[in-house]
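Student: I should like to learn how features of a structural model are read from its atoms. May we take them one at a time, each with its general idea and then its case here?

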Amino acid sequence: VRSTSSTTVAVFSRLQQSRTPTAVVVSVHRQCLASFPTRYFSDTHTASATSADDKATEVGEEEEDKKTETVEANESSVDDVDEQQQQQNQQTEDLENEVKDLKDQLLRSLAEQENPRRIAKRDVDSARQFAIKSFAKSLLDTSDNLTRALQAVPEEMRSDKQNHAVLATLYEGIQMTDAGLNKAFQTNGLLKYGQIGDSFDPNIHDALFEYPDPNSQPGTIGQVMKTGFMLNDRVLRPAEVGVVKKTD
């Protein structure tokens, strides 16, 4: 078989060198193969199959190695992605904390700027509202004197212009003066308070004395010694009063 194979190879070489047509070469090749023993083909086929199996095994091992490398690469890539994600999350958290701190600093700065402005505005409003405090306080005695003058005229003579014309006219003039003064007080935020029957309030009343009165409710004002005044809802002068107490 080996000699025949060698002879066949030599024949093929000569045919190729002599530029024999391909069809003829193929025909000769088939005849040579037909003349080979079946056992030769069986052995050759077995060897070829074994060689193919070996190659397949090698290819399979190479593919497994490639798959393993691919899996390892993917795992490494996943780890890198997770690490990058953690870094991004940490950076985001740091930025959010920084923004929060900056916002807090901004609000504090605005508050620090707003507080002096609010205080200044309050001082300006207070100065405007109570600029006449000393002037108004100096007129309180005048108002008290006018009230005493009105109370000094007997009630039966206040409107008797026939028998007491001078006194009635004087009373009318004092009453008009007192009304004009009270109107000027109200225009500038100065109001009278303290009437008989009002509830006693220690914040705005000064109790000079207490006395029992069965006709009045305890804890109320029974007598007004001096009228109180408020300037823009602030006590300028407390009312001096006598308070009714509970009878035993």
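Student: How many salt bridges does a search of the whole structure find?

Tutor: A salt bridge is a side-chain nitrogen of Lys or Arg within 4 Å of a carboxyl oxygen of Asp or Glu. A search of the whole structure yields 4 salt bridges. Please bear in mind that this is a predicted model, in which local features need pLDDT of at least 70 and side-chain atom pairs count only at pLDDT 80 or more, while totals for chains, interfaces and linings use all residues. Residues are numbered from 1 along each chain as its sequence is written, and side-chain values use heavy atoms, with hydrogens and water left out.

Student: Where does the salt bridge between R237 and D144 lie?

Tutor: Helices (H or I, at least four residues) and strands (E, at least two) are DSSP runs, numbered from the N terminus. R237 belongs to strand β5 (residues 234-237) and D144 to helix α4, so the pair ties together parts that are 93 residues apart in sequence. The closest N and O atoms of R237 and D144 are 2.7 Å apart. As for accessibility, buried means under 20% relative accessible area, exposed over 50%, and partly exposed in between (1.4 Å probe, protein chains only). R237 is buried at 12% relative accessibility, and D144 is buried with a relative accessible area of 8%.

Student: How far apart are the closest N and O atoms in the salt bridge of D104 with R108?

Tutor: In that salt bridge, the closest N and O atoms of D104 and R108 are 2.9 Å apart. The two residues are 4 residues apart in helix α3 (residues 38-129), and are thus separated by about one helical turn. D104 is partly exposed, with a relative accessible area of 37%, whereas R108 is exposed at 54%.

Student: Which residue forms a salt bridge with K161?

Tutor: E172 does, with the closest N and O atoms 3.3 Å apart. This pair links distant parts of the chain, 11 residues apart: E172 is in helix α5 and K161 in the loop between α4 and α5. E172 counts as partly exposed, at 35% relative accessibility.

Student: What is the nearest side chain of opposite charge to D160?

Tutor: In assigning charge, Lys and Arg count as positive and Asp and Glu as negative; His and the chain ends are not counted. For D160, which is buried yet has no salt bridge, the nearest side chain of opposite charge is K161, 10 Å away. D160 is found in the loop between α4 (133-152) and α5 (165-187). A polar atom of its side chain lies 3.2 Å from the backbone nitrogen of N163. Contact means heavy atoms within 4.5 Å; leaving aside neighbours within four places in sequence, D160 is in contact with A165 and A168.

Student: Which residues of the largest nonpolar core touch the most other members?

Tutor: In soluble globular proteins, nonpolar side chains tend to be buried together. A nonpolar core is a set of buried Ala, Val, Leu, Ile, Met, Phe, Trp, Tyr and Cys residues joined through side-chain atoms within 4.5 Å. The largest one has 14 residues, of which L140, F185, L190, F229, L231 and L236 touch the most other members. At least two residues of this core come from each of α4, α5 and β4 (228-231). Apart from it lies another core, of 6 residues, including I221, A239, V241 and V243.

Student: How many aromatic pairs are there?

Tutor: Rings of Phe, Tyr and Trp (its six-membered ring) pair if their centres lie within 6.5 Å; planes under 30 degrees apart count as stacked, over 60 as edge-to-face and the rest as tilted. The count by this rule is 2 aromatic pairs. The ring centres of F185 and F229 are 5.8 Å apart and their planes are at 85°, so this pair is edge-to-face. It links helix α5, which holds F185, to strand β4, which holds F229, across 44 residues. Both F185 and F229 are buried. For F209 and Y211, the centres are 6.0 Å apart and the planes at 40°, so that pair is tilted. F209 is partly exposed, with a relative accessible area of 30%, whereas Y211 is buried at 17%.

Student: What is the phi of N232, and where is this residue found?

Tutor: Most residues other than glycine have a negative phi. N232 has a positive phi of about 55° although it is not a glycine, and is found in the loop between β4 and β5. D233 lies in the loop between β4 and β5 as well, with a positive phi near 65°. N232 counts as partly exposed at 29% relative accessibility, while D233 is exposed, with a relative accessible area of 75%.

Methods. Polar contact = N/O pair within 3.5 Å; in protein donor to acceptor, adjacent residues only side chain to side chain.
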